[in-house]
Amino acid sequence: MSFCDKVIYQIYPKSFCDSKGTGCGDIKGVISKLDYLQYLGVDFVWLTPIFCSPQKDNGYDVADYYNIEPSYGTMEDVETMIAEADKRGIGVMFDMVFNHTSTSHEWFAKAVAGDKAYQDYYFFRNGDRVGKPPTNWVSKFGGSAWEYEPKVGKHYLHLFDKTQADLNWTNPQVRQEMAAVVNFWRGKGVKGFRFDVVNLISKGAFESDGTDGKRFYTDGPRVHRHLQELNKDSFGQDPDCVTVGEMSSTTIQHCLQYAGAGKNELSMVFSFHHLKVDYKDGNKWALKPFDFVGLKQLLFDWQIWMQEGDAWNALFWNNHDQPRAVSRFGNDEKYGKQSAKMLATVIHCLRGTPYIYQGEEIGMTNACFEGIEKYKDVESHNAYALLKEKGVGEKEILRILGERSRDNARTPMQWDGSKNAGFTAGTPWIEVCKNYKKINVKKSKKDKDSVLEHYRSLIQLRKKHKVIAEGRFVPLLDGHKRVLAYLRVLGDVSVMVVCNFFDTVEVCDMGVDMAGYKVFLSNYKKSVVHRHMALRPYESLVLMKSQDIRE
Ligand code: GLC
């Protein structure tokens, strides 16, 4: 597989680097940091959407797929970025939001103006007899998934915000438009594509039942056919193009098809089950400590089944929709460095393609804002209103948002200890996390023991040792309730990864002969290799055994 030794870095442009002092990051800012990304060692940068958009959902509400949002820069800036990235051996991956468009898109405007052809680009439906929405489906951002459009006299479907109208993929015209967008950006030199919530593009029956409606449109009836067609008509024409689909509430069975070798759909998939292990009764806005055993089981199941089915996982803890993993599964105070490194080790040595979300590589943490006015995210504000309605107190809501809001991941990248963490000379669109003087790139670069150095080592490990890119995954210590361990095996080389997820010393019997294993990477000085190991808080070890270990 051409992408198994690659590492992908996700940029949230609005919060990455502001070259103009507007308070919002921009493309020129990204260009100015390409040397840093090369130093880190990544192969691709995925930029979340930079297309023209009213920014109701920070660019995931696209109003024009062919033009750049002016606050980010110009087409020329994008061309320069692609060329400059290429010079440094970095490919650019764009984010294709094809499940929906903004209601400011001209297609939607034409639909509302009465053009029947464009009405068929979306789902306009009559309400039921008493004027209620056509189904009881719930929007992922809260409330009904239908909005009444008086000019059309019908409701339109929006699985996300009401300004994000779902596209009708059964309409061949829509499918052609989407392939044309991909081809346009391929023509500009874009080498990879991430497809936003792409397993929701095929809607099944428009029916109501006692649930939120997910089952009618998740991994819908024609989704595989649509992806195969998109593949054939666009990115599939270039064998080096890397694609990843964001799969919402999907199943392994479907992912074997989405990301299976020779299935002609996508290179790999993001799935999210492992990031719901701290949702109480499946509710994102109800807190509970994370279920380690459940987390391990999910990671292992996906590893094993995708391997058995010859399919490929995208590996990640963080993105722009998730609170920071070090605050969530680690300990961002006493063991900030150790736990950030441990979490990185788990992901980077698994079978799949690791993704790093900006700031993760220096151990950035949740921001935990102390007032609702500091939050910018539409989902967080909707959750705030819904929790208020339910009678939850202000303090408790802020505690929940402090752990769960997407804005925890969207605070500005912490470049140095100067004002606004070196992100902007103006006023940042969202407040900088308070710990920027302690956690920043400049400081990390000077520290041999930094989280950043650990990420650099992990990236190099994948590049130097085929076993990490291609080896078989074998679970270890299945029953252990505090330690996650596995092997990667290729020929006579094996890599053993052992990680303690807790702030206590954990003893484990590795159950295998440890002779010949050498420590390749650890997050503590002087690690001891033994069949019976006592792992220190958040200790992680990468051990390697081979006839000819290359350093
Ligand atoms: C995806 C994006 C998220 C966005 C949503 C709707 O989940 O990652 O940021 O809000 O799709 O486009």
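**Close-up 1. The lining of the second largest cavity, sorted by residue class.** In this predicted model, the residues around the second largest cavity fall into eight nonpolar, two polar and two charged. The cavity itself has a volume of about 80 Å³. To find your way around its wall, look for Trp-317, Asn-318, Arg-324, Ala-325, Val-326 and Ala-340, which are among the lining residues. Leu-343, Ala-344, Glu-360, Gly-363, Met-364 and Tyr-455 also belong to this lining. Two elements, helix 11 and helix 12 (336–348), each give two or more residues to it. Helix 12 gives the most, with three residues.

**Close-up 2. The largest cavity and the helix that gives most to its lining.** Here the enclosed volume is about 140 Å³. The lining counts 13 residues, and those nearest the centre of the cavity are His-274, Leu-299, Trp-302, Ala-314 and Leu-315. Helix 10 (292–308) and strand 16 (314–315) are the elements that give two or more residues to this lining. With four residues, helix 10 provides the largest share. Which classes of residue make up the wall of the largest cavity? Eight of its residues are nonpolar and five are polar, with no charged residue among them. If you would like to look for further enclosed spaces, the model has three cavities of 30 Å³ or more.

**Close-up 3. The largest pocket and the residues around its centre.** Now we turn from cavities to pockets. The largest pocket holds about 1100 Å³ of space. It is lined by 40 residues, and Lys-140, Lys-214, Tyr-279, Lys-284 and Glu-379 are the closest to its centre. Helix 7 (214–217), strand 15 (283–287) and helix 13 (378–389) are the elements that each give two or more residues to the lining. Helix 13 is a good one to follow in this view, as it gives the most, with five residues. Sorted by class, the lining of the largest pocket has 13 nonpolar, 13 polar and 14 charged residues.

**Close-up 4. The second largest pocket and its two contributing helices.** The volume of this pocket is about 420 Å³. Ser-327, Arg-328, Asp-332, Asn-366 and Glu-403 are the closest to its centre, out of 21 lining residues. Helix 11 (325–328) and helix 14 (394–404) each give two or more residues to the lining. You may remember helix 11 from the second largest cavity, where it also gives two or more residues. The largest share of this pocket's lining, three residues, comes from helix 14. Seven of the lining residues are nonpolar, six are polar and eight are charged.

**Close-up 5. The largest nonpolar core, with Phe-94 and its contacts.** In soluble globular proteins, nonpolar side chains tend to be buried together. The largest nonpolar core of this model has 139 residues. Tyr-9, Phe-94, Trp-185, Trp-317 and Phe-501 have the most contacts inside it. Trp-317 also belongs to the lining of the second largest cavity. What does Phe-94 touch, leaving aside residues up to four places away in sequence? Its partners are Leu-47, Ile-50, Phe-51, Val-78, Met-81, Trp-185, Val-190, Gly-192, Phe-193 and Arg-194. Apart from the largest core lies another one, of 20 residues, which includes Phe-369, Ala-383, Leu-387 and Ala-409.

Notes: Residues are numbered from 1 along each chain as its sequence is written. This is a predicted model: local features need pLDDT of at least 70, side-chain atom pairs count only at pLDDT 80 or more; totals for chains, interfaces and linings use all residues. Side-chain values use heavy atoms; hydrogens and water are left out. A nonpolar core is a set of buried Ala, Val, Leu, Ile, Met, Phe, Trp, Tyr and Cys residues joined through side-chain atoms within 4.5 Å. Buried means under 20% relative accessible area, exposed over 50%, partly exposed in between (1.4 Å probe, protein chains only). Contact means heavy atoms within 4.5 Å. On a 1 Å grid over the protein atoms alone, a cavity is a set of points where a 1.4 Å probe fits but cannot get out, and a pocket is an open set with protein on both sides within 12 Å along at least five of seven lines; lining residues have an atom within 4 Å of a point. Grid points are joined across faces, edges and corners, and a volume is the space filled by probe spheres set on the points. Ala, Val, Leu, Ile, Met, Phe, Trp, Tyr, Cys and Pro count as nonpolar, Asp, Glu, Lys and Arg as charged, and the others, Gly among them, as polar.
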